[in-house]
Amino acid sequence: MKVLLVNGSSHPHGTTMRALEEMIGVFGEQGVETEVFQLGAKPIADCLQCDKCAETGRCIFRDGVNGFIDKAYKADGFVFGTPTYFAHPSGRIFSFLDRAFYANCRNELYDAFMFKPAAAVAVARRAGTTAALDGLNKYFGIAQMPVAGSTYWNNTFGLLADEAVQDEEGLQTMRNLARNLIWMMRCFEDGKKHGVPYPATETSHVTNFVRRNDGRR
């Protein structure tokens, strides 16, 4: 099994990565392969809703989104980590996930994320993490992804990575979150081995109340 982790911070070794590292340690102990996808500090374009991904199955921008989707097809579970900016996720992870999830849902394969468990992680100096988690969890809900929880909200506190290690309960929450995600992935894998089918998904009805003459919203 493999977990794909996304660091939505511009800092590759900051507080967000420290929280993810706590989970990676548990994944390693349990024999689960991990890969970290660093968003980094380079610009990430917003989704333009140009719908080119519906024609090609790829996003028109070349800043990592397509590569991430390719990796997502091979992953069994996901962790999306973000710093907290004014009680919401980082703008870069919002732009990144808007395009990744939209391009995937416009792709005829449409299975990079579906029925794969996911977890959101937020870090902050002091507060705002629950609102940031809510923003990330909405991506999972619309993509039919089961959501993993822990023994507290999935957050840790600290301005710097060295401070984050002092949040013992936060790190405990990360470890329990990793264990819960592993359990979910194993249950899904066992279900597939025993012939438990995925739910039948209906997609024929799309209600659009108002359309322009050219058919676009």
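User: A cavity is a set of grid points where a 1.4 Å probe fits but cannot get out. How many cavities of 30 Å³ or more does that rule give here?

Analyst: Bear in mind that you're looking at a predicted model. Using that rule with a floor of 30 Å³, the count of cavities comes to one.

User: Which helix gives the largest share of the lining of the largest cavity?

Analyst: The largest cavity holds about 90 Å³ of space. Its lining includes Cys47, Leu48, Cys53 and Phe61, and also Arg99, Tyr102 and Ala103. Helix α4 covers residues 91-106. Three residues, the largest share of that lining, come from α4.

User: How many residues in the lining of the largest cavity are nonpolar?

Analyst: Start with the others: Gln49 is in the lining and counts as polar, while Asp51 and Arg99 are also there and count as charged. That fits the split by class, with one polar and two charged residues. The nonpolar residues number nine.

User: Are α3 and α4 oblique or roughly parallel to each other?

Analyst: Helix α3, residues 65-73, packs against α4 at about 60°, with the two axes 10 Å apart. Roughly parallel would need an angle under 35 degrees, and roughly perpendicular starts at 65. So α3 and α4 are oblique.

User: Is the crossing of α3 and α4 left-handed or right-handed, and which residue is the charged one in their contact?

Analyst: The crossing is right-handed. On the α3 side, the contact uses Val65, Phe68, Ile69 and Tyr73, and on the α4 side Phe96, Arg99, Ala100, Ala103 and Asn104. By class that's seven nonpolar, one polar and one charged. Arg counts as charged, and the Arg in this contact is Arg99.

User: Are α1 and α7 oblique or roughly perpendicular to each other?

Analyst: Helix α1 (residues 15-29) packs on helix α7 (residues 168-193) at about 45°, with axes 8 Å apart. Since 65 to 115 degrees is what counts as roughly perpendicular, α1 and α7 are oblique.

User: How many charged residues are in the contact of α1 with α7?

Analyst: From α1 come Arg18, Ala19, Glu22, Met23, Val26 and Phe27, meeting α7 residues that include Leu171, Met174, Arg175 and Arg179. The class split gives ten nonpolar and no polar residues, and the charged ones number four.

User: Are α4 and α5 roughly parallel or oblique to each other?

Analyst: Helix α5 spans residues 129-142, and its axis comes within 11 Å of the α4 axis, crossing at roughly 5°. Angles under 35 degrees fall in one class, so α4 and α5 are roughly parallel.

User: Which residues of α5 make the contact with α4?

Analyst: α4 brings Ile93, Phe94, Leu97, Asp98 and Phe101, and across from them on α5 are Gly135, Leu136 and Tyr139.  By class, the contact has six nonpolar, one polar and one charged residues. The α5 names to remember are Gly135, Leu136 and Tyr139.

User: What is the volume of the second largest pocket?

Analyst: This pocket has 15 lining residues, with His11, Thr15, Pro83, Gly158 and Leu159 nearest its centre. Seven of the lining residues are nonpolar, seven polar and one charged. The volume is about 260 Å³.

Terms used. Residues are numbered from 1 along each chain as its sequence is written. This is a predicted model: local features need pLDDT of at least 70, side-chain atom pairs count only at pLDDT 80 or more; totals for chains, interfaces and linings use all residues. Side-chain values use heavy atoms; hydrogens and water are left out. Axes are lines fitted to C-alpha atoms, for helices over the stretch in contact, and angles run from 0 to 180 degrees between N-to-C directions. Helices (H or I, at least four residues) and strands (E, at least two) are DSSP runs, numbered from the N terminus. Angles under 35 degrees count as roughly parallel, over 145 as roughly antiparallel, 65 to 115 as roughly perpendicular and the rest as oblique. A crossing is left-handed if the near helix is turned anticlockwise from the far one by less than a right angle, and right-handed if clockwise. Contact means heavy atoms within 4.5 Å. On a 1 Å grid over the protein atoms alone, a cavity is a set of points where a 1.4 Å probe fits but cannot get out, and a pocket is an open set with protein on both sides within 12 Å along at least five of seven lines; lining residues have an atom within 4 Å of a point. Grid points are joined across faces, edges and corners, and a volume is the space filled by probe spheres set on the points.
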